[in-house]
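Dear colleague,

I am passing on the structure below, and I would be glad if you could look through it with the notes that follow beside you.

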Amino acid sequence: MTTVGFIGAGKVTQALVKGLLSSGAVTPSRIYASSKTEMSLQKLKVFGVNTCLDNTWTVKNSNITVLAVKPLVYPKILHEIAPAVGPNNLIISVAAGVTIKSIEQRLPHHAKVARAMLNTAVQIRDGAICYSTGRNVADADQELIHRFFSSVGLTLEGEEKHLDAVVGLSGSAPAYFYLILEALSDAGVRHGLSRDVSTRHASQAMLGAARMVLESGRHPGELKDEVCSPGGVTIDAIYSMEKAGVRAAMMDAVDACIRRNYELARLNE
Ligand SMILES: NC(=O)C1=CN([C@@H]2O[C@H](COP(=O)(O)OP(=O)(O)OC[C@H]3O[C@@H](n4cnc5c(N)ncnc54)[C@H](O)[C@@H]3O)[C@@H](O)[C@H]2O)C=CC1
Ligand SMILES: O=C(O)[C@@H]1CCC=N1
């Protein structure tokens, strides 16, 4: 059975560990995690996983090792773990803007490297995940990666050149939607709804709308049109959103996110 390691014990590791354990894909005794400080490991210890302060220990104990540290820590981490990376280790990076090439260059020639982007909804097994593989990843390894991520969300394989856009649409996207939900909830409160009722209604509406798109496969514009009754109330709201430039604002937000990915990639070269 596969053993899974995590280097870094922050938000992404905690989310993945929760999701993997609730899926039953891995048991706590088969999860290994290391971090910089004992304090950062506390939130993982509650899951009963194995923890340590030595990153090479994590690599030595795991078939799949997820690198879940901030992009700028990568050179240091890779230098540290390189001697422990064997031909059977599968190293998966989840960092924004860190290329497969920059990782392969810092690890032994035989290193099997993959890069994935995901979001924190993996903790409820509703994540959106996209991954690309490096030069040494064989078909069987790729199947393993696919199974691994499929246990915590919708998983697609893609070209690495598209991963920066995926960060903008999957990795970072929950933050945009939380901001929108907060604003909608404020609007409800402004019109006399309780905060709880406002937030729950707005969230359910967002969830239902997203599921309609995924389950019907229909274009969002077509679904939007069905909500806008001629001369009704929704089209006035849409007009207001168009005047405020909501579409362009969302596209600008994704552009900004992708630009920062490129900057991080340059800093890691
Ligand atoms: N937060 C998110 O929603 C997402 C984050 N990511 C990526 O995941 C990576 C981690 O992000 P977060 O979990 O949000 O960060 P975080 O700041 O919550 O966690 C980083 C962890 O790395 C540990 N760390 C720092 N130096 C270390 C070292 N030398 N050795 C071992 N551990 C060390 C810290 O103690 C901390 O536990 C980043 O590269 C980010 O781009 C990817 C997708 C989504
Ligand atoms: O903000 C960040 O850098 C990370 C990567 C994607 C989501 N959070």
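Around ligand 2 the residues are Ala96, Val167, Gly171 and Ser172, and by class this shell divides into two nonpolar, two polar and no charged residues. Please keep in mind throughout that this is a predicted model.

Ligand 1 has a shell of 28 residues, in which the closest are Gly8, Gly10, Val12, Ser40 and Ala95. By class, that shell holds 13 nonpolar, 11 polar and four charged residues. Helix 1, which covers residues 11-23, and helix 4, which covers 74-81, each supply at least two residues of the shell around ligand 1, and the largest share, three residues, comes from helix 1.

As for confidence, the mean pLDDT of the protein is 96, with 100% of its residues reaching 70 or more, and for the complex the predictor gives an ipTM of 0.98 and a pTM of 0.96.

Turning to the protein as a whole, there are 12 helices and eight strands, and the C-alpha trace spans about 70 × 35 × 30 Å along its principal axes. Of the 269 residues in the protein, 33% are buried. Among the contacts with a separation of 6 or more, 67% are accounted for by residues 24 or more positions apart.

The domain assignment gives domain 1 as residues 4-159 and domain 2 as residues 173-265, and the centres of the two domains, taken over C-alpha atoms, are separated by 32 Å. Eight residues from domain 1 and six residues from domain 2 take part in the contact; on the side of domain 1 that touches domain 2, four residues are nonpolar, four are polar and none is charged.

Two groups of strands deserve a closer look, and I begin with strands 1 and 2. Strand 1, residues 4-7, pairs with strand 2 in the parallel sense over four bridges, and within this pairing Phe6 stands opposite Ala33 of strand 2. Strand 2 itself runs over residues 31-34, and Ile31 has its place there. From this strand Ile31 and Ala33 point one way while Tyr32 and Ser34 point the other way, and all of these residues are buried.

Why does Ile31 count as buried? The cut-off is 20 or more other C-beta atoms within 10 Å, and Ile31 counts as buried because it has 25 C-beta neighbours inside 10 Å. Leaving aside residues up to four places away in sequence, Ile31 touches Val4, Val17, Val26, Val49 and Asn50. By way of contrast in position, the C-alpha atoms of Ile31 and Arg200, which lie 169 residues apart along the chain, are separated by 35 Å.

The second group is centred on strand 6, residues 112-117, which is mostly covered, six of its six residues being buried. The burial extends to both faces, with Lys112, Ala114 and Ala116 on one side and Val113, Arg115 and Met117 on the other. You may wish to note that Lys112 and Arg115 are both in that buried set, one on each face. Strand 5, residues 90-93, runs parallel to strand 6 and is joined to it by four bridges, with Ile92 standing opposite Ala114. Strand 7, residues 127-133, pairs with strand 6 in the antiparallel sense, again over four bridges, and here Met117 has Cys130 as its bridge partner.

Which residue in the loop between strand 6 and strand 7 should be checked for its backbone? Arg125 lies in that loop, and it has a positive phi of about 60° although it is not a glycine. How exposed is Arg125? A residue is partly exposed when its count of other C-beta atoms within 10 Å falls between the limits of 12 or fewer for exposed and 20 or more for buried, and Arg125, with 17 such atoms within 10 Å, is therefore partly exposed.

With best regards

Terms used
Residues are numbered from 1 along each chain as its sequence is written. Chains are lettered from A and ligands numbered from 1 in the order in which they are written. This is a predicted model: local features need pLDDT of at least 70, side-chain atom pairs count only at pLDDT 80 or more; totals for chains, interfaces and linings use all residues. A residue is near a molecule or strand if its C-beta atom, placed from the backbone, lies within 6 Å of it. Ala, Val, Leu, Ile, Met, Phe, Trp, Tyr, Cys and Pro count as nonpolar, Asp, Glu, Lys and Arg as charged, and the others, Gly among them, as polar. Two strands pair if DSSP finds at least two bridges between them. Domain bounds come from an automatic or database domain assignment. Two residues are in contact if their C-beta atoms, placed from the backbone, lie within 7 Å. pLDDT is the predictor's confidence in each residue, from 0 to 100.
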